[in-house]
Amino acid sequence: MEVETEKKVHKVTFIQRNGEAVTVDYEPGVTPYHEHGREGSLLDIALNYHIDLQHACGGNCACTTCHVVVKQGEENLSNMEDDEEDRIYMADNLTLHSRLGCQAIVKGDVTVEVVE
Ligand code: FES
């Protein structure tokens, strides 16, 4: 008997600077990785779908242009590591729900607002 494996597709919603929300599918291990930011990060997913998320340092945790504010599903992102924590304090309009898109890895459904 063939065992059907559960397909994991995460819904990732980006609220863009113009206020328009776009929801895309992210399937770990299937969605292509283009070496910008951590694999499976919000930046990686945004670039796959041509969503305008700035990334001046190329996704290396060395700027704050990929700043997003998490609106829903914060628990579905990887925990913030020391590098991200040190860097994000330099972001304008910092909130308690701010993340760097290149560092936050998606593990479930999430909604974020693009800030920069
Ligand atoms: S792209 Fe520079 S910190 Fe994320």
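A residue is called buried here if 20 or more other C-beta atoms lie within 10 Å of its own, exposed if 12 or fewer do, and partly exposed in between. With that vocabulary in hand, strand β5 can be described as having a covered face, made of V110, V112 and V114, and an uncovered face, made of T111 and E113. The structure is a predicted model, and its secondary structure comes to two helices and five strands. Along the sequence these elements follow the pattern β-β-α-β-α-β-β, and the radius of gyration of the chain, 14 Å, is close to the 13 Å that the globule rule gives for 116 residues, so the chain is as compact as a globular protein of that length.

**Overall dimensions and contacts**

- Taken along the principal axes, the C-alpha atoms of the chain fill a box of roughly 55 × 30 × 25 Å.
- Of the 116 residues of the chain, 32% count as buried.
- Among the contacts in the chain with a separation of 6 or more, 62% are accounted for by residues that stand 24 or more positions apart.

**The sheet**

- Five strands form an open sheet in which the order is β2-β1-β5-β3-β4, and the pairing within this sheet is mixed.
- The edges of the sheet are held by β2 (21–26) and β4, each of which has a single partner strand, so one side of each is left without a neighbour in the sheet.
- From one strand to the next, the twist averages 35°.
- As a general matter, strands of a sheet pair through backbone hydrogen bonds, and they do so in either the parallel or the antiparallel sense.

**Pairing around β5 and β3**

- β5, which covers residues 110–114, pairs with β3 in the antiparallel sense over four bridges, whereas β1 and β5 pair in the parallel sense, also over four bridges.
- V112 of β5 is the bridge partner of V70, and V112 is likewise the bridge partner of F14.
- E113 of β5 is the bridge partner of I15, and E113 also serves as the bridge partner of V69.
- V112 belongs to the covered face of β5, while E113 belongs to the uncovered one.
- β3 (residues 67–72) and β4 (residues 98–100) pair in the antiparallel sense over three bridges, and within β4 the bridge partner of V68 is R99.

**The nonpolar core**

- The largest nonpolar core holds 21 residues, and of these L42, L43, A46 and V106 touch the most other members.
- The elements that give two or more residues to this core are β1 (10–15), α1 (42–48), β3 and β5, and the largest share, five residues, comes from α1.
- A46, one of the core residues that touch the most other members, is in contact with F14, I51, L53 and G101 once its neighbours within four places in sequence are left aside.
- More generally, nonpolar side chains tend to be buried together in soluble globular proteins.

**The loop between α2 and β4**

- A91 lies in the loop between α2 (82–88) and β4, and leaving aside its neighbours within four places in sequence, A91 is in contact with T64, H67 and S98.
- A91 has 19 other C-beta atoms within 10 Å, and because a residue needs 20 or more to be buried, A91 counts as partly exposed.
- A91 and V114 are 23 residues apart in sequence, and the distance between them in space, taken from C-alpha to C-alpha, is 13 Å.
- N93 lies in the loop between α2 and β4 as well, and its phi is near 55°, a positive value in a residue other than glycine.
- With 10 C-beta neighbours inside 10 Å, N93 counts as exposed.

**The loop between β2 and α1**

- E35 has its place in the loop between β2 and α1, and the phi of E35 is near 65°, which is a positive value in a residue other than glycine.
- E35 is exposed, since 9 other C-beta atoms lie within 10 Å of its own.

Terms used
Residues numbered from 1 in each chain as written. Predicted model: local features only at pLDDT ≥ 70, side-chain atom pairs only at ≥ 80, totals over all residues. Pairing = 2+ DSSP bridges. Rg over C-alpha atoms; globule rule 2.2 N^0.38 Å. Contact = placed C-beta atoms within 7 Å. Core = buried A, V, L, I, M, F, W, Y, C linked by C-beta atoms within 7 Å. Axes fitted to C-alpha atoms, helices over the stretch in contact; angles between N-to-C directions.
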